[in-house]
Amino acid sequence: MTKQYNHNDIHWLTGQFRNRSNELKYRDSIEQSVRFESRFAVIVVAVLFAMFGITDYNLLGLTREYYLLLTMRIIVVSSCLILAFIIGRSGGYSRNVWLHALPLWIVATGIVLIVPLRPESLSTQVTAIVVAIMAFYLLIPNLLTVSALASLYLSVSFLAVAVVFAELSPVATVTIGLLIMVANIVGYTALLRIEFLQRKQYALLNEEREQNKELQAEIAHRKSLEEQLRMVAEQDALTGVDSRAHFMKRAEALLKRSQFDKAPFCLFMIDVDHFKKVNDTWGHTCGDQILTKIVEVCQQTLRPNDIIGRFGGEEFVVGLPNTTANDAKTVAERLRDNVAALSLEGDMSDLRLSVTIGIAVANSEKDDLDSLITRADNMLYVGKREGRNRVVI
């Protein structure tokens, strides 16, 4: 079996399929869920970012810095809400990776801008940075590479702005830098594991689907073979009527049913007259054509409830349920006349076909199928001795 997806073919650093086509198919498969989850997460982040405006007012009052922070928060929140709406309509990692990355960069920029306006709250901002980094990795659905780049941008920018505007000492800078680095490592590792497990599950699911498809195809193939074998076993390959074994099975059931219902049952043995001469003169191919034509006449003459099978060579056997001796003789005579009326083409146009038919009637519940066939066969040979082309009952 050729595996279209291989869960071992996932990049150890990005958590994505190495095969670009498989990666895009995976992204397409999660598009709907990504849209919903991303929209919801961005709205939550926007609401939380807006709520911290209350803290700004309590600390700054109606000052210039407060109005600048308020303006910045309005821009960030409005942008996030607009992006949440757009993501909900056309989001997805397959083609619009940048669309899912924008909220991270906007929020990161907004968080960094708080430091110059509120440098005295740096300790609080460090906590907010750690929470934001974890949110970038685990709250807002995104590709690992996108989350990592946004978190790196947030970390470096925050440290740089903190050093410039909050006048961090080298020791404090290193301490905060290590804390932020740990947050990035934890977030990155956690998201990498999630990405890997999701793609592994997707690969296994598709592998199972492929196996199910192959299994269904194999089952269909086996059923087709079984049907072909059944047809070979039940039908004569040349004429399409019942094989001898299948006819015996069906006729036995009809005979028992007739005996149970105390209904009449008759059986024909049909032989094509002088058939050996036809084969010797025109060949077996022409002989096969004649047998096929005679079977067509039989099927057109017999009733829907009657059954016919090829007994062997040029001999055919017919079971007639709910048929009295007189009715059977009438059907047999009609069949004999219809065969005699057959016209052939080509070199055999002068050939006149005929059949001899022996009829046996089930007289009691003790009669079995073998005895009926024997009696019909005896009647057939009586007809052949008497000159062929006749019905004997």
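This report describes the nonpolar cores, a nonpolar surface patch and the cysteines of a predicted model.

In soluble globular proteins, nonpolar side chains tend to be buried together. The largest nonpolar core here has 54 residues, of which Leu122, Leu154, Phe158 and Ile176 touch the most other members. Two or more residues each are given to this core by α2, α4, α5 (97-117), α6 (122-138), α7 (144-165) and α8 (170-234). When residues up to four places away in sequence are not counted, Leu122 touches Val115, Phe158, Ala162, Ala166, Leu168 and Ile176. Another core, of 34 residues, lies apart from the one around Leu122, and its members include Val272, Cys298, Leu335 and Ile357.

On the surface, Ile43, Val47, Leu48, Met51 and Leu81 make a nonpolar patch of about 420 Å². Helix α2 (residues 31-51) supplies the largest share of this patch, 4 residues, while Leu81 lies in helix α4 (residues 64-90). Leu81 counts as partly exposed because its relative accessibility is 40%.

The cysteines can be considered next. A search of the whole structure finds 0 disulfides, and the table gives sulfur distances for two cysteines.

| Cysteine | Closest cysteine sulfur | Distance |
|---|---|---|
| Cys286 | Cys298 | 20 Å |
| Cys298 | Cys266 | 16 Å |

For Cys286, the closest cysteine sulfur is too far for a bond, since a disulfide requires a pair of cysteine sulfur atoms within 2.5 Å. Cys298, likewise in no disulfide, is buried, because its relative accessible area is 2%, and this residue is among the members of the 34-residue core.

Technical notes:
Residues numbered from 1 in each chain as written. Predicted model: local features only at pLDDT ≥ 70, side-chain atom pairs only at ≥ 80, totals over all residues. Heavy atoms only, no water. Patch = residues over 30% accessible without salt bridge, like charges linked within 9 Å, V, L, I, M, F, W, Y side chains within 5 Å. Areas by Shrake-Rupley, 256 points an atom, 1.4 Å probe, with all protein chains shown as cover. Salt bridge = Lys/Arg side-chain N within 4 Å of Asp/Glu carboxyl O. Buried < 20%, exposed > 50% of the residue type's maximum accessible area, 1.4 Å probe, protein only. Core = buried A, V, L, I, M, F, W, Y, C linked by side-chain atoms within 4.5 Å. Contact = heavy atoms within 4.5 Å.
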